[in-house]
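The exercises below are meant for a reader who is meeting this structure for the first time. Please look through the sequence and the model before working through each solution in turn.

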Amino acid sequence: MANVSVFNMQGKEVGKMDLNDAIFAAPVHEHLLHLAVVAQLANKRQGTQKALTRAEVSGGGRKPWRQKGTGRARQGSIRAPHMVGGGVTFGPHPRSYEKKVNKKVRNLALRSALSAKVAAGNVLVLDYDGIETPKTKVIVNLVNKVDAKQKQLFVVGDLIKDYNLYLSARNLENAVILQPNEIGVYWLLKQEKVILTKEALAVVEEVLG
């Protein structure tokens, strides 16, 4: 059975916790991870880029110069694509980059990402009763003790209850703080260490279990 270490706020290991093997010891499907990451990044794109065609550029209603006798190449409009300031041929237009991923595929990808993190020993559970006042120094000490100095992903169960933890951790340069319903494959793979509160772990197991 898969298990993870449980740490207190001082960075001291206080025990082990068994995990649901269906979620944290599932087969790792690299293809599904790829699909989920591509979809997540594509869905973040706004798709608002726009280039004007020659029909949308103002001006150019008459010939720039007469057809013959000038020694120059014949031109019909200053808004043609080859003219400076003219329209753009096959330019970008507003569109949706949305990619849909089936719910079952998304859940399998999440399980794969979580299982890969647990297998690598990069998941730990935080056992604490809250922080009285926001202090980044406390979180810095914690991540140093648990060897999570590079990129951290904090998953908090309740942003209201864990608000001081959120305020304390958000100042870290490479930290990302999410709630269980915001967890995505992209952040699980991008961040090195995943730090979950007990409440967040319970929610993840309930939703994906």
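**Exercise 1.** In which loop is D147 found?

Solution. The model is a predicted one, and in it D147 is found in the loop between α4 (136–145) and β4. The next step is to ask how D147 stands towards its surroundings: its relative accessible area is 53%, and because exposed means over 50%, D147 counts as exposed. The last step concerns the backbone, where D147 has a positive phi of about 60° although it is not a glycine.

**Exercise 2.** Describe the backbone and the accessibility of F90, and then turn to G121.

Solution. Begin with the place of F90, which lies in the loop between α2 and α3. Its phi is near 55°, a positive value in a residue other than glycine. With a relative accessibility of 83%, F90 counts as exposed. A positive phi is also taken by G121, just after α3, where the value is about 75°.

**Exercise 3.** Work out which residues hold the most contacts inside the largest nonpolar core, and which helix gives the most to it.

Solution. The largest nonpolar core has 31 residues, and those with the most contacts inside it are F24, V185 and L188. The helix that gives the most to this core is α3 (residues 103–119), with 5 residues. Taking V185 as an example, and leaving out residues up to four places away in sequence, one finds that V185 touches L33, A36, V37, Q40, A109, L110 and A113. There is also a second, separate core of 19 residues, which includes L124, V143, A175 and I195. As background, nonpolar side chains tend to be buried together in soluble globular proteins.

**Exercise 4.** Examine the length of α3 and list its buried residues.

Solution. Helix α3 has 17 residues and reaches 24 Å from its first C-alpha to its last, which is close to the 24 Å expected at 1.5 Å a residue. Its buried residues are A109, L110, S112, A113, L114, S115, K117 and V118, and two of these names, A109 and L110, are already familiar as residues that V185 touches.

**Exercise 5.** Follow the strand β4 to its partners β5 and β6.

Solution. Start with β4 itself, both faces of which are covered: Q152 and F154 on one side are buried, and so are L153 and V155 on the other. With β5 (residues 175–178), β4 pairs in the parallel sense over 4 bridges. Within this pairing, A175 is the bridge partner of Q152, while L178 is the bridge partner of V155. Between the two strands the chain passes through helix α5 (residues 163–169), and this β-α-β crossover is right-handed. Turning to β5, one sees that A175 and I177 point one way and V176 and L178 the other way, and that all are buried. In a regular strand the side chains alternate between the two faces of the sheet. The remaining step leads to β6, with which β4 pairs in the parallel sense over 4 bridges, and there F154 stands opposite I195.

**Exercise 6.** Explain why the buried residues of α7 lie on the same side of that helix, and say what covers them.

Solution. The buried residues of α7 (residues 198–208) are A200, L201, V204 and L208. They cover an arc of only 100° around the axis, and therefore they lie on the same side of α7. What covers these residues includes β2 (13–18), α1 (21–24), α3, β3 (123–126), β4 (152–155) and β6 (193–197).

**Exercise 7.** Compare places along the chain with places in space for Q46 and K99.

Solution. Q46 has its place in the loop between α2 (30–43) and α3, and at 68% relative accessibility Q46 counts as exposed. Although Q46 and E98 are 52 residues apart in sequence, their C-alpha atoms are 9.4 Å apart in space. K99, found in the loop between α2 and α3, is partly exposed, with a relative accessible area of 44%. Leaving aside neighbours within four places in sequence, K99 is in contact with V38, A39, A42 and N43. For the pair K99 and N164, 65 residues apart in sequence, the C-alpha to C-alpha distance is 36 Å.

Notes:
Residues numbered from 1 in each chain as written. Predicted model: local features only at pLDDT ≥ 70, side-chain atom pairs only at ≥ 80, totals over all residues. Heavy atoms only, no water. Core = buried A, V, L, I, M, F, W, Y, C linked by side-chain atoms within 4.5 Å. Buried < 20%, exposed > 50% of the residue type's maximum accessible area, 1.4 Å probe, protein only. Contact = heavy atoms within 4.5 Å. Arc of directions from axis to C-beta. Pairing = 2+ DSSP bridges. Right-handed = clockwise from strand over helix to strand, strands pointing away. Expected span 1.5 Å × (residues − 1).
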